[in-house]
Every structure is written in structure tokens, then in C-alpha cells.
Amino acid sequence: YTYLYPNTTPSDFCYYLGIKSGFVGPGGNGYKRLLVNRFFIETIVMSAVDSGELANGIEFSLLGQKLREKYNIIIGTDTDADYSVLDEYGIAKATPENLRGELSINAREIASMLVSMGLAKQYADGVTIIVWRL
């Protein structure tokens, strides 16, 4: 986005891309925070992973890798790889928070959302497995 919209912040870009298209909606109390549409997450997961993999289950970190490779969607499963992409495009510099810490929190919350939707199972050791039809 930095090349096409040099005078825009990452938050503004996400707002226009996400809210105007219906992918995300406003969330939070007075802060510029966005909540992902749950149906959109299900669609993205199903399109990124083939049905054979979903039948056997894949680790959440592999889902993050597939999303990054196929769609350039960063969910925070590999903090170093995700941060380097954000840094390469100038998003890391434009983000005031501790972005590395926020990425891992983001990954945990998305994993929890997938579990609550029935698309994943989380084990006692913290490993999350994405699987279809639990």
C-alpha cells in the first residue's frame, strides 16, 4: 500500500480495504481497532488449505505460512517472518505499538476464534490443529 497510497497510514488502508469491502468491521472502544468477520476467516482458511490436509489436520503455524504465501495475509504465527514482511513494506515503522508482541497476541486470538468456530482443536500444550469437521 505504501507505493500506491503514500499519504495513507496502515490503519486508514485497512479501514478502506476492510470496512468498505465487508471483510472487517469496527471494534474496540474509541480506538482504531478492527475485528475480522468470522465468515471471512472460515472462507480464507478453507481456500488456503486443501481438503486432504484439513481432514488430517495441520498445525496453526502451517496455516499462517500458507496464508502468508498465498494471500500475503499475516496473522502472527511466525513473528520473525511476519515482522520482516511488515518492515519491508514500511508498515512496522508506521505502527506505534510493540508490533512483535502484537503479532503473537493476534495469532493467539485468531487460534481461539478458529477453535470457537469448530475449525480447530487446541491441546493442553498450546498446539492448535486446524481440522475440518471436528
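Which way does α5 pass α6, in a left-handed or a right-handed crossing? This is a predicted model, in which local features need pLDDT of at least 70, side-chain atom pairs count only at pLDDT 80 or more, and totals for chains, interfaces and linings use all residues. Residues are numbered from 1 along each chain as its sequence is written, and side-chain values use heavy atoms, without hydrogens and water.

**Exercise 1. Describe how α5 packs on α6.**

Step 1. Recall the general rule: two packed helices are described by the angle between their axes and the distance between the axes.

Step 2. Take the axes of α5 (residues 79-88) and α6 (residues 99-116): they come within 10 Å and cross at roughly 125°. Axes are lines fitted to C-alpha atoms, for helices over the stretch in contact, and angles run from 0 to 180 degrees between N-to-C directions.

Step 3. Classify the angle. α5 is therefore oblique to α6. Under 35 degrees counts as roughly parallel, over 145 as roughly antiparallel, 65 to 115 as roughly perpendicular and the rest as oblique.

Step 4. Give the hand: the crossing of α5 past α6 is right-handed. Right-handed means that the near helix is turned clockwise from the far one by less than a right angle, left-handed anticlockwise.

Step 5. List the contact (heavy atoms within 4.5 Å). From α5 come T79, D80, D82, Y83 and L86; from α6 come L99, R100, L103 and S104. By class, the α5 contact with α6 holds four nonpolar, two polar and three charged residues. Ala, Val, Leu, Ile, Met, Phe, Trp, Tyr, Cys and Pro count as nonpolar, Asp, Glu, Lys and Arg as charged, and the others, Gly among them, as polar.

**Exercise 2. Do the same for α2 and α4.**

Step 1. The axes of α2 and α4 come within 10 Å and cross at roughly 85°. So α2 is roughly perpendicular to α4.

Step 2. α2 brings I44, V45, S47 and A48 to the contact, and α4 brings L63, K66, L67, K70 and Y71. The classes here are six nonpolar, one polar and two charged.

Step 3. Look at Y71, in helix α4. Y71 is partly exposed, at 36% relative accessible area. Buried means under 20%, exposed over 50%, partly exposed in between (1.4 Å probe, protein chains only). Leaving aside neighbours within four places in sequence, Y71 contacts I44, S47, A48 and K66. The C-alpha atoms of Y71 and A48 are separated by 8.3 Å, at 23 residues apart along the chain.

**Exercise 3. Find the residues that touch the most other members of the largest nonpolar core.**

Step 1. A nonpolar core is a set of buried Ala, Val, Leu, Ile, Met, Phe, Trp, Tyr and Cys residues joined through side-chain atoms within 4.5 Å.

Step 2. The largest core has 18 residues, and V45, V49, F60, L63, L67, L114 and I130 touch the most other members. α2 (38-48), α4 (60-71) and α6 each supply at least two residues.

Step 3. Check L114. Not counting residues up to four places away in sequence, L114 touches I41, V45, F60, L63, L119, A120 and I130.

Step 4. Another core, of five residues, lies apart; I91, A92, L99 and L103 are among them.

**Exercise 4. Locate N72 and state its exposure.**

Step 1. N72 is in the loop between α4 and α5.

Step 2. N72 is exposed, with a relative accessible area of 66%.

Step 3. Check the backbone: phi of N72 is near 60°, a positive value in a residue other than glycine.

Conventions: Helix = DSSP H or I, 4+ residues; strand = E, 2+ residues; numbered from the N terminus.
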